[in-house]
Amino acid sequence: MEEKRETLGSRIGFLFLSAGCAIGLGNVWRFPYITGKYGGAAFVLLYLVFLVLLGLPVMVCEFAVGRASKKSMSAAFRELEPAGTKWHWYSGFAVAGNYLLMMFYTVVSGWFLKYFVEMLSGKFVGLSPEDVGAAFGTTVGTPSSLLIWMVVVIVIGFTACFLGLQKGVERITKIMMSALFIIMIGLAIYVAFLPGAGAGYAFYLKPDFKNLVSGEHGLWDTIYAAMGQAFFTLSLGIGSMEIFGSYIGKEHSLTGEALRVIGLDTFVAICAGLIIFPACAAFNVEASAGAGLAFVSLPNVFNAMGPVAGRIVGAFFFLFMSFAALSTVIAVFENIVAFPMDKFGWSRTKSVLINFCAILILATPAALGMNVWSGVHFGAHIGSIDALEDFLVSQNLLPLGSLVFLLFCTWKKGWGWDNFIAESDTGDGIKFPANKVFRFYLRYIAPLIILVVFVAGYFDIFGK
């Protein structure tokens, strides 16, 4: 007799888990620095447009496939596809995408936990900007430190999965996400009262469309960057959302649920900017400092607040960043654990233990690639081991996987439009637009946009 599939205990658990998977380093780390790089408020508006045009329909597709199949990506397409078709071939790529994502994401997540502990201990108090920059270089350049914090992240993630779907993954994510929202709102209120913060709000909230056209990067690069950020921040295309659709009932329509998840995701991204840009303006830190904004520029901001206030605010900031990163780790680990449970009938304990060992081994090259294996290089356009892993996921599996989900849900030779609409609209709440115009958009225009993002990404990497 087939073992009954686990389910989530509450709707809020589903929303927090799905949002936790979407809310990660793409929101709280990448979004602020890429917004600073591409000029502020006008970029944010473009990002929000593409979030609705691309992110929403693909998320509804993933939820629908999950809820209809009651399977993870290892078996979902095979469960729903017409006889004789080969949509299930993509399942292997989706599985690989989750492993690849965690192979470097667990390493970077460890940075934030390490900085939380060091900020709390007062390590950065009194350091000069040069010393703060050197501290980050030491973090990345010390293999033992990277490996220790990577292991801490992996242990936390798989411990949540080991405790079970409801008692572990759902309960821990609820606590973590609630704390994340409280810390984030508190920090946003605190920086609002810093002298000079107004310039940061103006940069972040007042669009300058003239600069959008004539600025350093130009209109096309800015549009492409906004499109890519909106697309990648939700981690769509590798079944990271699909798995949570497979754990929920049919009481609520999926469009409404997707809107709530995207709303939470967007709230965190916007709020991260409301913390970072006013703080940077108040202490004359360049908002376009790039990827080092969180680890090099912001510790200087915290130091400028004074030894006590800066230590406390800085610790809470990196705790907030850690929770955002760990929420994604736990959600993707749950997806990884569910694969062999659905495919091979493994118990949760067996899947957790084997995957724990696998991720420990698979994530090690990314950590060592930043120091002792830095000589392992994949050309000038890609670079290090972790950059290759990021490239395979972000530039390839996420957009192409989202394309597969769209085509599977809208083409007659896939699951089909009628089945997709019937599943997505089951339950109370907002219904998915089922008119001919929107069907045409999803079947042809949205896939074309995704292909444009895919090709433009390759040009951006290899063509310059």
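A residue is called buried when its relative accessible area is under 20%. In the predicted model described here, Val58 has a relative accessible area of 1% and is therefore buried. This residue belongs to helix 3. Apart from residues up to four places away in sequence, Val58 touches Leu236, Ser402 and Leu406. The C-alpha atoms of Val58 and Phe231 are 9.5 Å apart in space, although 173 residues separate the two in sequence.

Leu56 is also found in helix 3, which comprises residues 41–69. With a relative accessible area of 15%, Leu56 is buried. When its neighbours within four places in sequence are set aside, Leu56 is in contact with Leu51, Thr255, Ala258, Leu259 and Ile262. A separation of 9.4 Å is found between the C-alpha atoms of Leu56 and Leu234, which lie 178 residues apart along the chain.

Two of the helices were examined as a packed pair. Two packed helices are described by the angle between their axes and the distance between the axes. Helix 17 (residues 385–410) packs with helix 19 (residues 436–462) at an angle of about 170 degrees, and their axes are 9 Å apart. Angles over 145 degrees count as roughly antiparallel, so helix 17 is roughly antiparallel to helix 19. On the side of helix 17, the residues making the contact include Phe391, Gln395, Ser402 and Leu406. On the side of helix 19, they include Leu442, Arg443, Phe454 and Tyr458. Ser402 and Leu406 are also among the residues touched by Val58 of helix 3.

The nonpolar interior was considered next. In soluble globular proteins, nonpolar side chains tend to be buried together. In this model, the largest nonpolar core has 164 residues. Trp29, Trp111, Phe317, Phe320 and Phe420 have the most contacts inside this core. Helix 15 provides the largest share of the core, 20 residues. The surroundings of Phe320 can be listed individually: leaving out residues up to four places away in sequence, Phe320 touches Val28, Leu180, Ile183, Met184, Leu187, Val268, Ala272 and Ile275.

Aromatic rings were then analysed across the whole structure, and the search finds 39 aromatic pairs. In one of these, the ring centres of Phe158 and Phe333 are 4.0 Å apart and the ring planes meet at 15 degrees, so the pair is stacked. Phe158 lies in helix 7 (residues 143–162) and Phe333 in helix 15 (residues 307–344), and the pair therefore ties together parts that are 175 residues apart in sequence. Both members are buried: the relative accessibility of Phe158 is 2%, and that of Phe333 is 0%. Ring pairs also link Trp111, Phe112, Tyr115, Phe124, Phe136, Phe295, Phe302, Phe317, Phe318 and Phe320 into a cluster. Trp111, Phe317 and Phe320 are likewise among the residues with the most contacts inside the largest nonpolar core.

Phe158 also touches Asn355, whose other contacts are Tyr99, Ile336, Val337 and Pro340 when residues up to four places away in sequence are not counted. Asn355 is part of helix 16 (residues 348–368) and is buried, with 3% relative accessibility. From C-alpha to C-alpha, Asn355 and Ile336 are 7.5 Å apart, with their positions 19 residues apart in sequence.

Cysteine pairing was assessed separately. A disulfide is a covalent bond between the sulfur atoms of two cysteines. Here a pair of cysteine sulfur atoms counts as a disulfide when they are within 2.5 Å, and the count by this rule comes to zero. For Cys21, the nearest cysteine sulfur is that of Cys161, 11 Å away. For Cys280, the nearest cysteine sulfur belongs to Cys271, at 15 Å. Cys21 is buried, with a relative accessible area of 1%, and Cys280 is buried with a value of 1%.

Backbone angles were examined last. Most residues other than glycine have a negative phi. Lys70, however, has a positive phi near 55 degrees. This residue is found in the loop between helix 3 and helix 4 (76–80). With 31% relative accessibility, Lys70 counts as partly exposed. Ser235 also has a positive phi, of about 55 degrees, although it is not a glycine. Ser235 occupies the loop between helix 11 (218–232) and helix 12 (242–245). Ser235 is buried, with a relative accessible area of 11%, whereas Lys70 is partly exposed.

Notes
Residues numbered from 1 in each chain as written. Predicted model: local features only at pLDDT ≥ 70, side-chain atom pairs only at ≥ 80, totals over all residues. Heavy atoms only, no water. Buried < 20%, exposed > 50% of the residue type's maximum accessible area, 1.4 Å probe, protein only. Phe/Tyr/Trp six-rings, centres within 6.5 Å; stacked < 30°, edge-to-face > 60°. Helix = DSSP H or I, 4+ residues; strand = E, 2+ residues; numbered from the N terminus. Core = buried A, V, L, I, M, F, W, Y, C linked by side-chain atoms within 4.5 Å. Contact = heavy atoms within 4.5 Å. Axes fitted to C-alpha atoms, helices over the stretch in contact; angles between N-to-C directions. Parallel < 35°, antiparallel > 145°, perpendicular 65-115°, else oblique.
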